[in-house]
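Biologist: Please take a close look at one part of this structure for me. I would like to see how the protein meets the DNA.

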2 protein chains.
Amino acid sequence: MTTDVKPRSFVSARMVAEKAGVSRSAVSRTFTHGASVSEETRRKVLDAAGALGYHVNHLARGLRERSNIVCLVVADMTTPIRAGMVDVLTRELQASGKITMVINTRADTESVSQALRQTLNYRADATVVLSGTPPATLIETCLANGQQVVLINRDDKLVGSHNLGVDNAMAGREAYFLLRRAGCQRLGLVTSDAGTASLVERERVFVDAARADGIEVAVFETGPTGYASGFEAGRRAFGRSSSPDGVFCVTDLLALGFMDAAMHEFGLRIPEDLCVVGFDDIEQAGWQSYRLTTFAQPLKDMAEQVMDLLLDPDSAGSERILFEPTPRWRKSVRPGPV
Amino acid sequence: MTTDVKPRSFVSARMVAEKAGVSRSAVSRTFTHGASVSEETRRKVLDAAGALGYHVNHLARGLRERSNIVCLVVADMTTPIRAGMVDVLTRELQASGKITMVINTRADTESVSQALRQTLNYRADATVVLSGTPPATLIETCLANGQQVVLINRDDKLVGSHNLGVDNAMAGREAYFLLRRAGCQRLGLVTSDAGTASLVERERVFVDAARADGIEVAVFETGPTGYASGFEAGRRAFGRSSSPDGVFCVTDLLALGFMDAAMHEFGLRIPEDLCVVGFDDIEQAGWQSYRLTTFAQPLKDMAEQVMDLLLDPDSAGSERILFEPTPRWRKSVRPGPV
DNA sequence: TTGACCAATGCACTTGTGTGCATTCGAGAA
DNA sequence: TTCTCGAATGCACACAAGTGCATTGGTCAA
C-alpha cells in the first residue's frame, strides 16, 4: 500500500465532470434550474451523476446565498401540544423546501443561549422559538445577523421579530362564561409554576372576570405544567372543606390530571358534580374517559402564517398576530344548571 | 443612493480580522482548539468578534471535514412513543455536539426517498431512521457516501447499517403468560394495518404461544396504529356473541382505545371482566383512568447506544442489537384468576 | 461569402473556513 | 556576539458549489 487515500466518501461535481468528460461548470449548470446546457451534455452529466451517486452539496450552495435552514427551538417536546406544533411546522417547512434543525432545550436560560448560538453557527435563515426564555440580547443578535425570528406563544416585544399567539383573554372569558352558565358556584383555577405569559394571561382574565361578578376563585398551583401537577391539584382541591364545582385548567394536561383525581380519588361525577374546562385540545382530551371541553389552538393556521412570514423576505415584523382558539364542546361541562 | 450594498447580514472571519488588525488565519486559529495564538492576539480577536457579533460558520467548516449533522427520519411524530424517541435522541445528540435535522415523513415510500436525498444533500454524517420504509437502494447510497445509518425498530438486514430493536418476542410471550396466569380463557389480539415488523412479530409470538396450548386467538385489525383503531376494535370485540376476557394490544395507544370502548361502551370492569396488556409504556398508560400493564421501551439506553455507534468511527455495524423491554405492572391485569 | 447573432462551454472568481508550509521574531545558551 | 530553537503569524491552497465574462461554434440572412 503506497497510498492511504481511501475513496472519497462524498462525490463532488468535479468527479462527475471528469467521468462525463465535461467541465465542472457544465455539471453545476445541469443541476441549476434555467441554466443553459445542451441536451447532450445534460444527459452525459446525469448519467455520470447517477453512476457515481452524486448529490448537490447544499452546504456549499448555502455558502453563497441562503442556507434554506430553519431552526426550531423547542422545550418539552413530549408534551402532546408541543409534539403537534413540531409536527405541523416541520411538515410545512419541508413542503416549502426548507430544512429543519430542531434544537431541544430545557427551560433554563443557559441551555437556550447555547441553542441560539448553534442557530447562528449554522447560518439558519430563520429561527422559530416555541418556548423557553431566550435572552433578548441573543435574539437581537439573530436579528442583527439578518435572521428572521418568529416567537410563538411568547410575549416579548422585540423589534423586528414576528410574534404569533392565541387569544388567551378570549379563552379565559369564555371559560368563565361556560362554567357560570352551567350553574357552578365555587370556581377554581388550576395552573402551573411555569409562569409563561400565555398561562398567566389565561389565569388573570378568568380570575378578573369572576371578580367583576363578586366571585373569588380558588387558585391551585402545584408544580410544572403536566398531568401530575393537575392530579396533585385535584387531591388538594377536594381534600378540604369547601371544594370547587367548576374549574378552569389553563392546560389540557392539567385538566386531565385534575379530572382523574376527582373521578378516581373522590368518586366525583363529571359533569354532574364537577365541570372542567381545559385549553389546547390535545388528542387525549377527546378520549372517551375524559371528553374534555376545551379550546383548540389553530396549529395548521399558525404554521401557514409562519411560512408566509418566512417566505416574504421584507416582512416588517414586530407586530403581534393573534389567532382565535376555537371552542370544542364536549361533555365535561353541563349545558345548564343541575 | 449610489450603492445598493446593504451591510452584510453575516459577519465573516475576514471582517473580524480587519477590525482586529490581524490576519484572517489568526481569527481562525483563535476559534480552533489547540492552535497556536498569542494571548494578545487572541484577546484582540475576541474583542473584535464580540463587537461585530461574529459566529463561526459551521457550514463552511463542514465543507472540509465532517458536518456534525445527523438526520433524524421520523413519521407519526405526534404519537407519544415517537415524540419520546425524538426527544431523547435530540437531547443526546446535542450533548455530543451534533446538530439534528428532523425529516418528517409520511409512511409512503416516495416521501421517505425524498427525505433520504435531503440527508445526502446536506452532507449529514449519519442518518437515524425511526420509521417509514426507506427503499434499500437509497440506504445503500447513504452507506456508499460514507454515512452511518442506524435503523430503529425495523428489520431490514442491510449490510453496514446498524440495527436497534426491542425484544418483541419476549414481550409477546410474557403478555400471553400474564393473561393466562390471570385466568383469561378467551384471548384476543389487537393490532393495526401498518404491518410493521415489530408489530407483526409481537402478534406472531403471542398467537403462536397460545396455539401451542391449543388456544385460538381472535385477531382485531381495524386501521392505522392509534387510539381510534383500538376503540373500533373494542366495539367489534364486544358487539358479538363470544367476547374476549384477555387482550394483548401491540401498542399502548391501541390498548387505551380498546379499554375506553370496553369501559364506556359496554360497561366492563378492568381487570375484573377484562384484562389488557399493552406495549410502549407511553405516559398516558400510567394515567389513573387506565393504569395499563405494559412493556417499557428502554428509550434512554437505546439513545445512548446510538451515540456510542455514531461516535465510534469504525463500528462495523450490520448486526442487530436487541434491548429488553421492561414490564410495568399496573392494574389492567389481575394477579390471578377471579 | 461574410457579418450578425445566439446557444453552449470553459475559465476564473466568489462564498467562509481550516491548515500545511515558510517566514519572522524574540529569547536563551554557548 | 552569534547560533539555535520554538512560538507566532501570514500566505496560499483546499473544500464544493454558483455565475459573470469571454470564447467558440454553428446557423441564418444579406
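Modeller: Here is a walk along the surface near one DNA strand, followed by a short look at chain A. Keep in mind that this is a predicted model.

Start with DNA strand C. It is surrounded by 28 residues. The closest come from both chains: A:Ser23 and A:Thr41, then B:Ala13, B:Arg24 and B:Ser28. Which atoms of the strand come within 4 Å of the protein? Sugar and phosphate make up 54% of them.

Now sort the residues of this surface by character. There are 11 polar, 9 charged and 8 nonpolar residues.

Next, look at single contacts. The side chain of B:Arg24 has an N or O atom 2.6 Å from a base oxygen of DNA strand C. The side chain of A:Arg29 also places an N or O atom by a base oxygen of the strand, at 2.8 Å. B:Arg61 meets the backbone: one of its polar side-chain atoms is 2.9 Å from a phosphate oxygen of DNA strand C. Which elements give two or more residues to this surface? They are α2 (24–30) and α4 (58–64) of chain A, and α2 (24–30) and α4 (58–64) of chain B.

Step back to chain A. Its domain assignment lists domain 1 (13–56), domain 2 (68–165 + 299–322) and domain 3 (168–297). The C-alpha centres of domain 1 and domain 2 of chain A are 37 Å apart.

Finish with two helices of chain A. Helix α1 (residues 13–20) and helix α3 (residues 39–52) have axes that come within 9 Å and cross at roughly 120°. Because of that angle, α1(A) is oblique to α3(A). The crossing of α1(A) and α3(A) is right-handed.

Methods
Residues are numbered from 1 along each chain as its sequence is written. Chains are lettered from A and ligands numbered from 1 in the order in which they are written. This is a predicted model: local features need pLDDT of at least 70, side-chain atom pairs count only at pLDDT 80 or more; totals for chains, interfaces and linings use all residues. Side-chain values use heavy atoms; hydrogens and water are left out. A residue is near a molecule or strand if one of its heavy atoms lies within 4 Å of it. A polar contact is a pair of N or O atoms within 3.5 Å; within protein, one must be able to donate a hydrogen and the other to accept it, and residues adjacent in sequence count only if both atoms are side-chain atoms. Helices (H or I, at least four residues) and strands (E, at least two) are DSSP runs, numbered from the N terminus. Ala, Val, Leu, Ile, Met, Phe, Trp, Tyr, Cys and Pro count as nonpolar, Asp, Glu, Lys and Arg as charged, and the others, Gly among them, as polar. Domain bounds come from an automatic or database domain assignment. Axes are lines fitted to C-alpha atoms, for helices over the stretch in contact, and angles run from 0 to 180 degrees between N-to-C directions. Angles under 35 degrees count as roughly parallel, over 145 as roughly antiparallel, 65 to 115 as roughly perpendicular and the rest as oblique. A crossing is left-handed if the near helix is turned anticlockwise from the far one by less than a right angle, and right-handed if clockwise.
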